[in-house]
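Visitor: I should like to hear the criterion behind each label as well as the value. Please take me through the reasoning step by step.

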Amino acid sequence: TRILGIEGTAWAASAAVFDSATDDVVIESDAYQPDSGGIHPREAAEHMHEAIPQVVERALEHARETHDGPASEPPVDAVAFSRGPGLGPCLRTVGTAARALSQSLEVPLVGVNHMVAHLEIGRHTADFDSPVCLNASGANAHLLAYRNGRYRVLGETMDTGVGNAIDKFTRHVGWSHPGGPKVEAAAEDGEYVDLPYVVKGMDFSFSGIMSAAKQRYDDGVSASDASGGSSDSSDGVPVEDICYSLQENIFGMLTEVAERALSLTGSDELVLGGGVGQNARLREMLEEMCDQRGAEFHAPEPRFLRDNAGMIAVLGAKMYDAGDTLALEESRVDPNFRPDQVPVTWRADEPE
Ligand code: ATP
């Protein structure tokens, strides 16, 4: 099976070709980079509009070059696209492109849930059977596990996504988007200072810790202004310490709930998904927790963690093989598409 995948939920305009015979995934991406501040939805949509045709053309060129059959045959078996969740105007651009391609290539359309794709790419690359998934992405944060034909949300953020929370802090500090890698770098020289840690049952909240971190930063700036100093410090607490402590608390919260999810489900496999999964400290904490309980941990390579069309194409292939295609008139995008709305058609049901 060969699938063209198209992703465009927020910042990454991306197209990919997955060939299940060779397991090859070729990804062409064009990222939106805000000039200042965070992601502006209108600018992100404009970027999507310009970049999608280009990345799709590059991916299709590859599909044509590697296609064995007669030139009259389409170079892929289906077009899969991210239906949601994400920013409405971005999703609509991708939906329109996918529908047009499905018609011009005369192949079926497959509608993929972006969060389930984050999970499935980990299950695919690790060859795991039934893992728990921690999705730590920009706009989301949740624990998913399969039961009775659906991926159930076992725990999730009660406010913002984990990456967006970190990005809000770095925006406040005046660092450019995305903030996650900058916090990771600054944390290397930091020491622990007290910040809130909020886990309630299986859910977590990031707004309190972010406000506290901003407050400590502001206190430091005013203290340093008052003393005529120029360093980013908070009553003697450097910004590096805030970054270090943010990581320890936020990732500690995610790790705690991931462990509870493993314990609750009895699964001994954990996969990581989402752009925040590129963070080495988060991976280290999860790995250590899994080691201690004899579970296996897998983090896909970075190109599959951040938003990418490779994961859309890979899940698209599984759905296509299961006959799970979409009629054009049912192919509306859904900015609030939750993972537990998706009937899982592509895997055999597990015993209760
Ligand atoms: P979603 O999948 O929820 O739609 P998204 O579209 O915002 O999320 P992702 O690519 O999954 O995108 O994640 C982007 C986020 O990852 C940004 O918030 C960014 O700051 C964060 N991030 C990237 N690298 C790192 C890192 N090394 N450490 C922490 N966070 C990181």
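Visitor: What makes up the lining of the largest cavity, by class of residue?

Guide: In this predicted model, the lining has two nonpolar, six polar and two charged residues. The classes are fixed by residue type: Ala, Val, Leu, Ile, Met, Phe, Trp, Tyr, Cys and Pro are nonpolar, Asp, Glu, Lys and Arg are charged, and the others, Gly among them, are polar. The residues concerned are G37, G38, D167, T170, R171, W175, S176, H177, P178 and G179. W175 and P178 therefore count as nonpolar, and D167 and R171 as charged.

Visitor: Why is this space called a cavity, and what is its volume?

Guide: On a 1 Å grid over the protein atoms alone, a cavity is a set of points where a 1.4 Å probe fits but cannot get out, and a lining residue has an atom within 4 Å of a point. The volume, the space filled by probe spheres set on the points (joined across faces, edges and corners), is about 30 Å³. A search of the whole structure finds one cavity of 30 Å³ or more.

Visitor: On what conventions do these values rest?

Guide: Residues are numbered from 1 along each chain as its sequence is written, and side-chain values use heavy atoms, without hydrogens or water. As the model is predicted, local features need pLDDT of at least 70 and side-chain atom pairs count only at pLDDT 80 or more, while totals for chains, interfaces and linings use all residues.

Visitor: What is distinctive about the peptide bond from H177 to P178, two residues of the cavity lining?

Guide: That bond is cis, with omega near -5°. P178 sits in the loop between α4 and α5; such elements are DSSP runs numbered from the N terminus, with helices (H or I) of at least four residues and strands (E) of at least two. A cis peptide bond also joins G84 and P85, with omega about 0°. P85 belongs to the loop between β4 (78-84) and α2 (88-105). Most peptide bonds are trans.

Visitor: Why is the largest pocket said to lie between the domains?

Guide: An automatic or database assignment sets the bounds, giving domain 1 (2-118 + 304-341) and domain 2 (127-303). Both domains give residues to the lining of the largest pocket, so the pocket lies between them. Their C-alpha centres are 28 Å apart, and 19 residues of domain 1 are in contact (heavy atoms within 4.5 Å) with 23 residues of domain 2.

Visitor: What makes this space a pocket, and how is it lined?

Guide: A pocket is an open set of grid points with protein on both sides within 12 Å along at least five of seven lines. The largest pocket holds about 1100 Å³ of space. Its lining comprises 47 residues, with W11, S137, G138, A139 and N164 nearest the centre. Two or more residues come from each of α3 (114-126), β7 (141-147), α4, α5 (180-187) and α7 (239-265). Of these, α4 gives the most, with six residues. By class, the lining has 19 nonpolar, 20 polar and eight charged residues.

Visitor: Is T157 buried or exposed, and why?

Guide: Buried means under 20% relative accessible area, exposed over 50%, and partly exposed in between, with a 1.4 Å probe and protein chains only. T157 has 15%, and therefore counts as buried. This residue lies in the loop between β8 (150-156) and α4 (162-173). Its side chain reaches the backbone oxygen of T160 at 2.7 Å, and a polar atom of that side chain lies 3.1 Å from the backbone nitrogen of D159. Beyond four places in sequence, T157 is in contact with A141, F204 and F206.

Visitor: Which class of accessibility does D189 receive, and why?

Guide: With 63% relative accessibility, D189 counts as exposed. D189 is in the loop between α5 and β9 (199-200) and touches E240 and D241, residues up to four places away being left out. D189 and E240 are 51 residues apart in sequence, yet their C-alpha atoms are 6.0 Å apart.

Visitor: What is notable about the phi of D23 and of E106?

Guide: Most residues other than glycine have a negative phi. D23 has a positive value, near 65°, and E106 has one near 60°. D23 is in the loop between β2 (12-19) and β3 (24-31) and, at 44% relative accessibility, counts as partly exposed. E106, in the loop between α2 and β5 (109-113), counts as exposed at 71%.

Terms used: A polar contact is a pair of N or O atoms within 3.5 Å; within protein, one must be able to donate a hydrogen and the other to accept it, and residues adjacent in sequence count only if both atoms are side-chain atoms.
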